[in-house]
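Reader: Hey, I've got a structure open and I'm a bit lost. Can we go through it together?

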Number of protein chains: 2
Amino acid sequence: MAVTIRDVALEAGVSTSTVSKVLNHWDSISPETCARVQEAIRKLHYTPNARAVSFARGSTKNILFLSSLQKEEAYHNPHMFDILCGARRELADHGYTLMLEAVPEKRLPGEYLKDLISSRIADGILIHGSCNIPGMAKILLEGKTPHIYIGHPGLGSRICWIDINNGLAGEFAAQHMLECHYERVAFIGENAEDHISRQRLNGFLGGMYEYGYRIPDNYIRHTDASREDAYRQTRELLGLKEPPRAIVCENNLLALGAVKALREADIRIPEEVAFLIFDSYPYSGLIEPVPTIIDIDVYELGVQAAVMLLRKLENPELLVQSYATLPLLRQGHSTCKMQ
Amino acid sequence: MAVTIRDVALEAGVSTSTVSKVLNHWDSISPETCARVQEAIRKLHYTPNARAVSFARGSTKNILFLSSLQKEEAYHNPHMFDILCGARRELADHGYTLMLEAVPEKRLPGEYLKDLISSRIADGILIHGSCNIPGMAKILLEGKTPHIYIGHPGLGSRICWIDINNGLAGEFAAQHMLECHYERVAFIGENAEDHISRQRLNGFLGGMYEYGYRIPDNYIRHTDASREDAYRQTRELLGLKEPPRAIVCENNLLALGAVKALREADIRIPEEVAFLIFDSYPYSGLIEPVPTIIDIDVYELGVQAAVMLLRKLENPELLVQSYATLPLLRQGHSTCKMQ
DNA sequence: ATATTTTAGGAAAACATTTTCACAAAAAGG
DNA sequence: CCTTTTTGTGAAAATGTTTTCCTAAAATAT
């Protein structure tokens with residue numbers, strides 16, 4: 001039915017090997033022959049059959065993006081889609097297509113994953129942190145398919161990962177607070193088990209400590225990750241004998257609750273209590289005054305993950321363990337201007 | 001290197017055809033042979049090579065999801081990711097994998113799309129409304145690959161699409177308003193060119209009209225899709241000689257602006273001005289009192305799109321032009337209770 | 001002018017499966 | 001007991017490229 005390389009060869013009066021060589025830009029083809037083949041391709045509207053190419057070359061030019069992809073995923077992982085878009089873009093620029101896969105609940109997920117890998121449906125794998133099953137790292141390593149975790153899996157030394165530098169983001173927060181000459185700074189985070197939250201908190205505490213400031217325990221607030229709880233915790237902070245001069249909010253949703261509490265108490269921002277948050281998406285645009293944000297370019301994180309994976313495809317031994325994209329401080333009106 | 005069907009055949013003492021038949025659940029294999037083959041497969045950890053299967057069968061079991069996938073896509077198309085997840089899930093349940101593809105800006109997008117289709121990289125295509133290039137419908141139809149638009153492309157009669165019933169959603173809004181005995185109802189929408197906004201507005205106006213109510217022109221407000229403009233427009237509405245008794249907001253971002261204006265004017269919701277919005281994600285949770293929402297299950301839209309595409313794969317002649325998932329009214333505290 | 005190297009292009013194998021067809025053996029029918 | 005049908009299995013073709021050799025001709029060196 002469809003026009004094949006054979007038809008092109010016939011039309012151009014050459015062999016199929018020659019056509020293939022033209023298609024793949026080999027250098028041992030004379031300009032005239034090349035032109036003749038090109039012409040035949042154009043005339044017959046030939047496009048290589050991707051299935052046959054995959055088969056013959058032994059590579060699909062597909063990359064698997066492995067993650068949790070539940071209903072309302074965007075609620076729970078607002079950054080994932082942007083990471084995905086960044087990775088897809090970079091891969092597409094290098095001739096790769098991104099495939100979406102989630103580990104299903106039903107079957108034995110380990111077996112599913114093993115089969116997925118050994119079916120060689122993809123040349124490489126990106127694993128989003130939202131997706132983890134028991135023994136996953138081992139299965140992936142045994143599968144021999146180059147792969148990179150997006151988000152630090154916190155495991156062995158042979159595992160490749162790329163992540164946001166949350167610790168550094170925390171340090172940036174501390175640094176900015178100190179540059180504004182705030183010493184009594186509170187921190188409102190997600191629950192204590194959350195990986196990202198803990199890294200940011202540690203970075204923040206470390207940064208403050210480095211300059212000789214120690215944050216008292218009652219200034220460190222863990223929440224249930226809801227706006228309401230951030231509101232409550234902020235009220236408690238304001239009710240302390242010595243309320244904080246500034247508040248760092250670990251994400252932009254918590255910030256909404258905190259701002260509400262400050263508003264209700266008629267506290268001026270930043271004159272009475274200054275305010276700094278992490279992450280811009282999706283809620284930071286709703287906050288007034290314009291918040292100072294320590295932001296992460298998550299699209300770029302996706303891009304970098306793809307770049308690294310592409311390198312690993314060329315050199316499977318490559319060990320990738322790095323922080324992509326620096327946290328970026330965006331000065332808003334909710335902290336003092338820096339000198 | 002990898003274990004092939006030949007190894008399995010050898011191990012089980014049968015031919016490769018027999019192994020293939022076992023793998024594909026043909027019925028002409030005796031139970032004993034079948035068991036022997038299964039055992040060999042298990043023993044050798046054999047997994048079919050997906051590339052070879054694709055090649056031999058002439059189908060990849062891949063579905064292309066075609067859309068705009070820019071940086072910060074989630075800002076501009078908050079529903080897309082959920083649609084994507086729904087479609088992926090349904091396809092995965094039927095053995096298909098979803099591939100992500102965006103039409104690039106650089107090259108001639110038409111040519112790119114043609115090549116993409118004729119390379120037969122996928123068995124079917126889902127096209128998200130966010131992605132449209134000149135002549136796309138024609139290229140897709142000529143490409144012969146079964147495809148379905150998610151979102152009404154508003155074109156010819158041979159085009160398959162599945163969409164949200166925005167008109168009906170608008171009618172629901174009108175109906176609810178009338179059930180609450182509000183007759184003076186204003187509508188705040190996105191800009192007049194926006195497809196979804198216009199459909200919802202038309203449905204709303206039509207619904208009101210059906211019961212004999214005609215919305216005056218100055219109750220119909222188009223915005224630049226920003227929260228700020230919704231705020232301004234709402235203030236203007238409140239400043240009218242005869243301000244509306246209720247406001248319908250075409251999406252949840254606009255609602256934030258409108259609520260702000262009502263708050264500032266110390267207007268009680270719903271006692272003085274009632275309030276209804278479309279769409280819950282991502283901002284509706286931030287509004288107090290709990291808004292009455294006309295919501296759409298966009299994940300389900302994705303699922304339905306996949307269901308239809310799967311049907312179309314079996315029967316390529318199938319014409320799909322339908323509205324998936326009914327709009328759902330969720331009564332909040334921002335309109336009166338219904339009788 | 002001859003020997004050597006380089007170049008351009010073709011023949012054929014390889015890739016791992018599915019699928020068609022043929023053919024025994026077994027079962028059923030007369 | 002012989003013919004016909006059914007059943008289970010295997011041989012071989014087909015899928016559309018890439019890639020490895022191989023060879024003839026052309027170019028270069030001697």
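Author: Sure, let's talk through one helix, then the DNA, then how the chains meet. Keep in mind that this is a predicted model.

Reader: Ok, how many residues does helix 3 of chain A have?

Author: Helix 3 of chain A covers residues 31–44, so to speak 14 residues. From first C-alpha to last it reaches 20 Å, close to the 20 Å expected at 1.5 Å a residue.

Reader: And which of its residues are buried?

Author: In helix 3 of chain A, the buried ones are Val37(A), Ala40(A) and Ile41(A). They sit on the same side of the helix, because they cover an arc of only 100° around the axis.

Reader: What do those buried residues pack against?

Author: Helix 1 (5–12) and helix 2 (16–23) of chain A. On the other side of helix 3, Pro31(A), Glu32(A), Arg42(A) and Lys43(A) are exposed.

Reader: Switching topic: which residues come nearest to DNA strand C?

Author: Ile5(B), Ser17(B), Ser20(B), Ala52(B) and Ala56(B), out of 27 residues around DNA strand C. Helix 2 and helix 4 of both chain A and chain B each give two or more residues to that surface.

Reader: How many of the residues there are charged?

Author: Two are charged, while 12 are nonpolar and 13 polar.

Reader: Cool. How many residues of chain A are in contact with chain B?

Author: 34 residues of chain A, and they touch 34 of chain B. The chain A side has 17 nonpolar, eight polar and nine charged residues.

Reader: What about strand 2 of each chain, parallel or antiparallel?

Author: Antiparallel, with three bridges joining strand 2 of chain A to strand 2 of chain B. Leu100(A), for one, has Leu98(B) as its bridge partner.

Notes:
Residues numbered from 1 in each chain as written. Chains lettered and ligands numbered in written order. Predicted model: local features only at pLDDT ≥ 70, side-chain atom pairs only at ≥ 80, totals over all residues. Helix = DSSP H or I, 4+ residues; strand = E, 2+ residues; numbered from the N terminus. Expected span 1.5 Å × (residues − 1). Buried ≥ 20, exposed ≤ 12 C-beta atoms within 10 Å, placed from the backbone. Arc of directions from axis to C-beta. Contact = placed C-beta atoms within 7 Å. Near = placed C-beta within 6 Å. Nonpolar A, V, L, I, M, F, W, Y, C, P; charged D, E, K, R; others polar. Pairing = 2+ DSSP bridges.
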